[in-house]
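Please look over the two chains shown here. The report below takes selected residues, then the empty spaces, then the contact between the chains.

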Amino acid sequence: MDTALSVKGLRKSFGDRTVLNGVDFRVDSGELVVLLGANGSGKSTALRCVVGLTKPDAGEVKIAGKTSAAMVFQQIHLVRRRSVIDNVCAGGLAGLPLSRSLAPVLFPKELKERAMSCLERVGLADRARDKASKLSGGQQQRVAVARALCQGAKVLLADEPVSALDPAAAKQVMDLLAELAHEDGLAVAAVLHQPDLARRHADRVLGLLHGEIRLARPAGELSESDIDALYAPDLVVEA
Amino acid sequence: MKTRKYLTTFGIVAALAVAHVFAWRGAEISPGALADGWHGMARFLGEAVPPDLDWATVVQPGLEACLVTLAMGLLGTTLSVPIALALAVLGTRGRNPVVFQLARGIMSLLRATPEIVFGLIFVTAVGLGPFAGVLALLTHNIGVMGKLWSEAMDEVDPGPADALRVSGANGAQVVANAVLPAVVPALVGLLLYRLDVNVRSSLTLGVVGAGGIGFLIYQSIQLFQFKQMATYILMVLVVVIVVDLFSAAVRRRLAR
């Protein structure tokens with residue numbers, strides 16, 4: 001398997017609080033890796049460093065493919081007033097001239113077609129013309145996944161993608177992320193808060209504690225004691 | 001701990017009470033004067049009814065003046081948009097502190113100076129008439145609308161912009177496809193609110209000679225033509241209600 005994302009020696013401090021203390025991991029094409037860890041363990045910061053939303057103090061991030069990594073968020077972050085298809089198109093604006101990207105009416109036809117096929121991939125092509133705010137939370141998260149796909153990245157990151165969703169919608173989104181890894185060959189890394197979901201959907205599980213990877217297991221071998229060690233309350237440093 | 005809380009509450013109430021006593025004296029409040037003088041008011045109002053509805057001398061000039069008032073309110077609002085927008089963007093948080101303070105400072109200065117003062121200043125420059133009124137409204141409005149817009153922009157959720165930035169979109173693409181769609185409804189809502197206020201403010205500007213229906217009201221009072229004044233006030237009532245309904249309807253649509 002070829003490595004699509006490799007992270008080496010990632011460090012980040014906010015003031016005198018060290019959030020990432022030398023994080024190393026890789027994600028291969030075709031696998032879904034889940035990052036587990038208590039609040040403040042550095043999971044989200046690690047993803048934000050990979051996509052450049054947070055600037056790491058040190059470390060190296062290597063990503064396969066022409067574009068940067070794509071990302072979906074817990075808060076979904078769609079433009080609620082715009083249509084579903086326009087939101088998906090917005091993921092593919094990189095490199096377009098301003099004259100074709102300042103408003104949805106200017107978006108090129110190829111972009112719209114690509115967005116439409118991304119929507120088909122997440123099973124929401126029939127809602128393309130609806131306003132994003134009209135969709136349920138789970139559907140909106142799938143639109144956000146389609147927007148990330150429209151970017152054409154080989155690496156897809158997901159920061160607590162299902163924390164705001166009900167169990168059925170959460171399962172749908174996790175199934176989708178697993179399919180994108182297994183069928184479409186993307187390298188998918190998701191931060192989760194639910195060990196059960198990790199067991200059910202992930203190929204591999206990484207555990208973060210105090211800004212370091214302390215656990216790396218195939219999801220099938222994840223034990224209760226592994227999880228207890230990650231979430232043990234006496235080990236959590238209160239910020 | 002509890003005693004301290006009670007003492008604080010007591011202190012605040014006492015301070016408010018003292019402030020009201022001073023304010024009462026400072027404003028020369030005298031219910032007796034109001035009671036003694038009520039028939040003056042009654043006569044004034046009695047002379048105002050029925051309103052004078054003569055078409056050629058009152059109603060027609062009144063309607064024309066209403067249009068001038070609306071025009072002043074409209075232009076005073078829309079012409080202030082470019083500078084207000086620029087100052088609003090410069091006055092959003094997270095910018096260079098010098099630029100931020102300068103932009104907010106300019107807006108505060110324009111906001112603190114009443115339209116009527118700007119009116120007096122501009123009348124000396126361009127003479128009596130609606131043009132001076134438009135200039136006065138737009139100058140003051142730059143300060144008020146700029147500040148309201150700045151605050152609306154500060155409140156925008158940065159999430160959608162982050163999402164686009166991650167995908168590799170450049171600054172202009174992020175603003176056009178994430179920031180503006182989120183903020184424009186709020187900006188338009190505030191713009192309509194200011195239109196509503198500016199139409200009403202242009203009435204008072206009539207007093208300093210800026211024209212419109214406000215000037216006719218002022219003139220009719222000066223000439224003791226209270227029946228004409230009543231007609232004009234009824235017209236103002238209609239104008240204000242219509243503008244208010246219009247802006248409320250548009251804002252409701254935008255909120256959806």
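In which helix of chain A is the place of Leu149(A)? Leu149(A) sits in helix H4 of chain A. The model is a predicted one.

## Selected residues

Is Leu149(A) buried or exposed? Its relative accessibility is 18%, and the limit for buried is under 20%, so Leu149(A) counts as buried. Leaving aside neighbours within four places in sequence, Leu149(A) is in contact with Cys118(A), Arg121(A), Val122(A), Leu180(A) and Leu186(A). Ser29(A) is 120 residues from Leu149(A) in sequence. In space, the two C-alpha atoms are 15 Å apart.

Two threonines of chain B come next. Thr69(B) belongs to helix H4 of chain B, residues 55-78. Thr69(B) is buried, because its relative accessible area is 1%. A polar atom of the Thr69(B) side chain lies 2.9 Å from the backbone nitrogen of Ile213(B). Not counting residues up to four places away in sequence, Thr69(B) touches Val199(B), Ser202(B), Leu203(B), Gly212(B), Ile213(B) and Gly214(B). Ile213(B) thus appears both in the polar pair and among the residues touched.

Thr139(B) is found in helix H8 of chain B. Thr139(B) is also buried, at 14% relative accessibility. Its side chain has a polar atom 2.4 Å from the backbone oxygen of Leu135(B). Beyond four places in sequence, Thr139(B) touches Leu110(B), Phe118(B) and Phe122(B).

Leu53(B) is a loop residue. It lies between helix H3 (38-48) and H4 of chain B. Is Leu53(B) buried or exposed? Leu53(B) counts as exposed, because its relative accessibility is 60%. Its contacts, not counting residues up to four places away in sequence, are Val59(B) and Thr231(B). Met229(B) is 176 residues away along the chain, with 11 Å between its C-alpha atom and that of Leu53(B).

The loop between H3 and H4 of chain B also holds Pro50(B). Val49(B) and Pro50(B) are joined by a cis peptide bond, with omega about -10°.

Two residues other than glycine have a positive phi. The table sets them out.

| Residue | Phi | Loop | Relative accessible area |
|---|---|---|---|
| His210(A) | near 50° | between strand E8 (204-209) and strand E9 (212-218) of chain A | 31%, partly exposed |
| Phe224(B) | about 55° | between helix H11 (213-222) and helix H12 (226-255) of chain B | 64%, exposed |

## Empty spaces

How much space lies in the largest pocket? The volume is about 420 Å³. Its lining has 19 residues, and the closest to the centre are Thr92(B), Met153(B), Asp154(B), Val156(B) and Val179(B). Four helices of chain B give two or more residues to this lining: H5 (81-90), H8 (130-154), H9 (159-166) and H10 (171-205). H10(B) supplies the largest share, five residues. By class, the pocket lining has 12 nonpolar, one polar and six charged residues.

The structure also holds three cavities of 30 Å³ or more. The largest cavity has a volume of about 50 Å³. Which residues line the largest cavity? From chain A come Met71(A), Gly91(A), Arg147(A), Ala148(A) and Gln151(A). From chain B come Ala163(B), Leu164(B), Val166(B) and Ser167(B). Helix H4 (137-150) of chain A and H9 of chain B each supply at least two residues of this lining. H9(B) gives the most, with three residues. The cavity lining divides into five nonpolar, three polar and one charged residue.

H9 of chain B therefore serves two linings: it gives two or more residues to that of the largest pocket, and three to that of the largest cavity.## Contact between the chains

How many residues does each chain bring to the contact? Chain B brings 20 residues and chain A brings 27 residues. About 1700 Å² is buried between chain B and chain A. Carbon and sulfur atoms give 58% of that area. In chain B, Val166(B), Gln173(B) and Asn177(B) lose the most area to chain A. Together they make up 34% of what the chain B side buries. Val166(B) is also one of the residues that line the largest cavity.

Methods. Residues are numbered from 1 along each chain as its sequence is written. Chains are lettered from A and ligands numbered from 1 in the order in which they are written. This is a predicted model: local features need pLDDT of at least 70, side-chain atom pairs count only at pLDDT 80 or more; totals for chains, interfaces and linings use all residues. Side-chain values use heavy atoms; hydrogens and water are left out. On a 1 Å grid over the protein atoms alone, a cavity is a set of points where a 1.4 Å probe fits but cannot get out, and a pocket is an open set with protein on both sides within 12 Å along at least five of seven lines; lining residues have an atom within 4 Å of a point. Grid points are joined across faces, edges and corners, and a volume is the space filled by probe spheres set on the points. Ala, Val, Leu, Ile, Met, Phe, Trp, Tyr, Cys and Pro count as nonpolar, Asp, Glu, Lys and Arg as charged, and the others, Gly among them, as polar. Buried means under 20% relative accessible area, exposed over 50%, partly exposed in between (1.4 Å probe, protein chains only). A polar contact is a pair of N or O atoms within 3.5 Å; within protein, one must be able to donate a hydrogen and the other to accept it, and residues adjacent in sequence count only if both atoms are side-chain atoms. Contact means heavy atoms within 4.5 Å. Buried area is the accessible area (1.4 Å probe) that two parts lose on being put together, summed over both.
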